[in-house]
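Work through these short exercises with the structure open beside you. Try each task before you read its solution.

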Amino acid sequence: MKTIWNGITKENAVFSLLLGLCSTLAVTTTFESSYMMGVCVLVVLILSNTIISIIRKLVPDSVQIPTFVLIIGTIVTLLEIILYRYVPNLYSSFGIYLPLIVVNCIVLGRALNVASKEKPTKSILDAIGIGVGFTVALMVIGAIREIIGNNTITIIKSLSSVTGNRLMYRVFEPNEMFPISFLLTPAGAFFIIGLIFTIVQYLKGRKKHESD
Amino acid sequence: MKRNEKIQAVIVLTITAFISVTLLYLATNYIGGIK
């Protein structure tokens with residue numbers, strides 16, 4: 001349980017380690033695409049960490065990276081095929097950032113640093129922690145960007161081909177100040193990440209100061 | 001790198017690649033490919 005909690009808080013991929021920022025900046029324009037990208041990375045992390053951890057003793061150090069990239073690439077391509085078949089709208093909204101999960105530093109980093117050294121149980125728990133932490137971070141950024149940048153919150157739109165209904169809400173009516181459409185650009189996302197990162201670092205510093 | 005290690009590396013890579021290609025072939029056949 002501590003491993004999972006660490007992955008969400010102390011070792012949060014986006015807010016603490018600043019990893020996986022490519023997809024974070026590009027995909028978090030709506031709340032729906034944010035949490036779906038998080039779920040995709042979570043699935044890839046759990047599957048890749050499990051497989052790599054099981055075969056870790058068979059893979060010599062010299063071919064670790066090519067073998068791991070092959071495994072992660074296969075999982076991501078399978079996910080791509082499934083999304084293309086069942087949720088085509090979401091597939092097209094992710095664009096190039098879905099296949100780019102293969103080279104996501106979070107996935108490769110966890111494979112090399114944790115899964116290739118630890119037992120399957122610990123690797124799976126680590127994958128769940130890091131994946132859930134990444135999903136939560138994307139959801140926070142996506143929600144802030146969509147609410148302030150578009151005055152709406154999209155919970156189900158592209159997924160309506162699976163669920164059968166849409167869930168989109170207008171949070172407040174447009175006025176002189178809102179929406180601030182700058183927040184829908186990658187620069188706006190960077191601005192939001194910077195603000196949240198500052199708050200997280202401040203809270204961490206205060207906690208450390210209190211414990212000293 | 002020892003000879004045995006080289007052989008093990010080649011075998012591991014070959015088996016992983018074979019399983020990957022087979023899985024993707026099956027997925028493309030049963031679910032459908034990306035156009």
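**Exercise 1. A salt bridge on chain A**

Is A:Lys122 buried, partly exposed or exposed? Find its salt-bridge partner as well.

Solution. This is a predicted model: local features need pLDDT of at least 70, side-chain atom pairs count only at pLDDT 80 or more, and totals for chains, interfaces and linings use all residues. Residues are numbered from 1 along each chain as its sequence is written, chains are lettered from A and ligands numbered from 1 in the order in which they are written, and side-chain values use heavy atoms, leaving out hydrogens and water.

Step 1. Fix the classes: buried means under 20% relative accessible area, exposed over 50%, partly exposed in between (1.4 Å probe, protein chains only).
Step 2. A:Lys122 has 39% relative accessibility, so it counts as partly exposed.
Step 3. Its salt-bridge partner is A:Glu118, with the closest N and O atoms 3.9 Å apart. The term requires a side-chain nitrogen of Lys or Arg within 4 Å of a carboxyl oxygen of Asp or Glu.
Step 4. A:Glu118 is partly exposed too, at 28%.

**Exercise 2. The other salt bridge**

Which residue forms a salt bridge with A:Arg110?

Solution. Step 1. The count over all chains is two salt bridges.
Step 2. A:Arg110 pairs with A:Asp126, and their closest N and O atoms are 2.9 Å apart.
Step 3. A:Arg110 lies in helix H6 (residues 105–115) and A:Asp126 in helix H7 of chain A, so the pair ties together parts 16 residues apart in sequence. Helices (H or I, at least four residues) and strands (E, at least two) are DSSP runs, numbered from the N terminus.
Step 4. Check the cover: A:Arg110 is buried at 14%, and A:Asp126 is buried at 7%.

**Exercise 3. Aromatic rings**

How many aromatic pairs are there over all chains? Describe the one between A:Tyr84 and A:Tyr91.

Solution. Step 1. The search finds three aromatic pairs.
Step 2. A:Tyr84 and A:Tyr91 are edge-to-face, 5.0 Å centre to centre, with 80° between the planes. Rings of Phe, Tyr and Trp (its six-membered ring) pair if their centres lie within 6.5 Å; planes under 30 degrees apart count as stacked, over 60 as edge-to-face and the rest as tilted.
Step 3. A:Tyr84 is partly exposed at 25%, whereas A:Tyr91 is buried at 17%.

**Exercise 4. Positive phi**

Where in chain A does A:Asn151 lie? Compare its setting with that of A:Leu18.

Solution. Step 1. Recall that most residues other than glycine have a negative phi.
Step 2. A:Asn151 has a positive phi of about 65°. It lies in the loop between helix H7 (120–150) and strand E1 (152–156). It is buried, at 0%.
Step 3. A:Leu18 has a positive phi near 50°. It sits in the loop between helix H1 (2–8) and helix H2 (21–27) of chain A. It is partly exposed, at 37%.

**Exercise 5. A contact across the sequence**

How far apart are A:Arg56 and A:Ala115 in sequence and in space?

Solution. Step 1. A:Arg56 is in the loop between helix H3 (31–55) and helix H4 (64–86) of chain A.
Step 2. The two residues are 59 apart in sequence and 7.5 Å apart in space, C-alpha to C-alpha.
Step 3. A:Arg56 is buried, at 17%.

**Exercise 6. Chain B**

How many helices and strands are in chain B?

Solution. Step 1. Chain B has one helix and zero strands.
Step 2. Of its 35 residues, 14% count as buried.
Step 3. B:Ile7 lies in helix H1 (residues 3–30) of chain B and is partly exposed at 39%.
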